[in-house]
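Hi everyone, thanks for having me. I'll walk you through one structure today, so get comfortable and have a look at it with me.

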Amino acid sequence: MFFRAYKSPVAVQERSLATRAALLDAAIDCLVERGYAATTTIETARRAGVSRGAQLHHFPTKAQLLATAVEHLFDRRRAEFAEAFAAIDPRADRLDAALDLLWSMFQGPVFVAWTELWVAARTDPELAATVLAVERRFTEETRTMFGELFPVETSAGTLLDDIGRDFAFALMGGVALQRLFPHGERPASDYVDALKAIFQLLR
């Protein structure tokens, strides 16, 4: 007589979470390295070292997999941002430090992956719906975060909590896009320094 090995609910859940995390990390790597068109659920499962069935169980569609992967990476970066801001030297300029940290969010795999999804979403209704949902959450949470960093009773707080936040994101997003195709123009630091100067004038 054969007995099936017992697996506790906790062990099953931990394995499920590990599989999900492996798929999300593999999806980001594939998206950054190969672009949206060449990123497939089969390739993602292969990179993650999981079966096709396990991948379909967690993410039935490519749109769900990739949008969730970018959201997963954003959550990680947001936590890093909050920790970094908490560690800022009290003697440093809080506004300048916040803008430096904000600019860091537009560098690395998060921005590249998100750009790939935004472009693809223009002609993919299913992906567009998922991407827009993630974008709304991102907007709400970053506005809340900046509201906490800069109380609304100060001019800088009002600036960063409303149109200033959107202006900073628009400028940094444009500069980050330029950096994907470097062509020897003005360095990104010049734009960030100009943004700091504008915000300092409006304090």
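Let's begin with the outside. The accessible surface of this chain comes to about 11700 Å², and 59% of that belongs to carbon and sulfur atoms. Before I go on, please keep in mind that this is a predicted model.

Now, what is the chain built from? It has 10 helices and zero strands. If you read along the sequence, you get α-α-α-α-α-α-α-α-α-α. The chain has 203 residues, and buried ones make up 37% of them.

Here's a number about how the chain folds back on itself. Take the contacts between residues at least 6 apart in sequence: 66% of those join residues at least 24 apart. We'll run into some long-range partners in a minute.

Let's stay on the surface for a moment. Which residues form the nonpolar patch there? They are I163, F167, I198, L201 and L202, and together they have about 520 Å² of accessible area. Two elements give two or more residues to this patch, namely α9, which covers 163-180, and α10, which covers 188-201. Pick out F167, which lies in helix α9. F167 has a relative accessible area of 38%, and because buried means under 20% and exposed means over 50%, F167 counts as partly exposed.

Okay, on to the aromatic rings. How many aromatic pairs does a search of the whole structure find? Four. One of the pairs is W103 with F106: the ring centres are 6.5 Å apart and the planes are at 15 degrees, so this pair is stacked. W103 counts as buried, at 10% relative accessibility, and F106 is also at 10% and counts as buried.

F106 has another ring partner, F169. Here the centres are 5.5 Å apart and the planes are at 75 degrees, so we call this pair edge-to-face. What I like about it is where the two residues sit. F106 is in the loop between α5 (94-104) and α6 (109-121), while F169 is in helix α9, so to speak a long way down the sequence: they are 63 residues apart and the pair links distant parts of the chain. Are they buried or exposed? Both F106 and F169 are buried. And if you put the ring pairs together, W103, F106, F111 and F169 are linked into a cluster.

One more ring before we move on. The charged end of K62 sits over the ring of Y36, 3.9 Å from the ring centre.

That brings us to charges meeting charges. The structure holds eight salt bridges, and I'll show you a few. In one of them, the side chains of R47 and E43 meet, with 2.8 Å from N to O. R47 and E43 are both in helix α2, residues 41-48, and they are four residues apart, about one turn of the helix. Their surroundings are worth a look too: R47 is partly exposed, with a relative accessible area of 30%, whereas E43 is at 12% and counts as buried. This pair also belongs to a network of salt bridges that links E33, R34, E43, R46 and R47.

Next, follow R137, because this residue is partly exposed at 23% relative accessible area and it takes part in two of the bridges I want to show you. R137 forms a salt bridge with E71, where the closest N and O atoms are 2.3 Å apart. E71 is in helix α4 (residues 62-86) and R137 is in helix α7 (residues 125-149), so that's another link between distant parts of the chain, 66 residues apart. R137 also meets D75 in a salt bridge, 2.9 Å from N to O. D75 is in helix α4 as well, so this pair ties together parts that are 62 residues apart in sequence. D75 counts as partly exposed, at 24% relative accessibility.

Last stop: A97. You'll find A97 in helix α5, and A97 is buried, with a relative accessible area of 14%. How far is the C-alpha atom of A97 from that of A84? They are separated by 9.7 Å, and the two residues are 13 apart along the chain.

That's my tour. Thanks for listening!

Terms used:
Residues are numbered from 1 along each chain as its sequence is written. This is a predicted model: local features need pLDDT of at least 70, side-chain atom pairs count only at pLDDT 80 or more; totals for chains, interfaces and linings use all residues. Side-chain values use heavy atoms; hydrogens and water are left out. Buried means under 20% relative accessible area, exposed over 50%, partly exposed in between (1.4 Å probe, protein chains only). Contact means heavy atoms within 4.5 Å. Accessible areas come from the Shrake-Rupley method with a 1.4 Å probe; for residues, only the protein chains shown count as cover. Patches are made of residues with over 30% relative accessible area and no salt bridge: like charges are joined within 9 Å, nonpolar side chains (Val, Leu, Ile, Met, Phe, Trp, Tyr) within 5 Å. A salt bridge is a side-chain nitrogen of Lys or Arg within 4 Å of a carboxyl oxygen of Asp or Glu. Rings of Phe, Tyr and Trp (its six-membered ring) pair if their centres lie within 6.5 Å; planes under 30 degrees apart count as stacked, over 60 as edge-to-face and the rest as tilted. A charge sits over a ring if NZ of Lys or CZ of Arg is within 6 Å of the ring centre and within 35 degrees of the ring normal.
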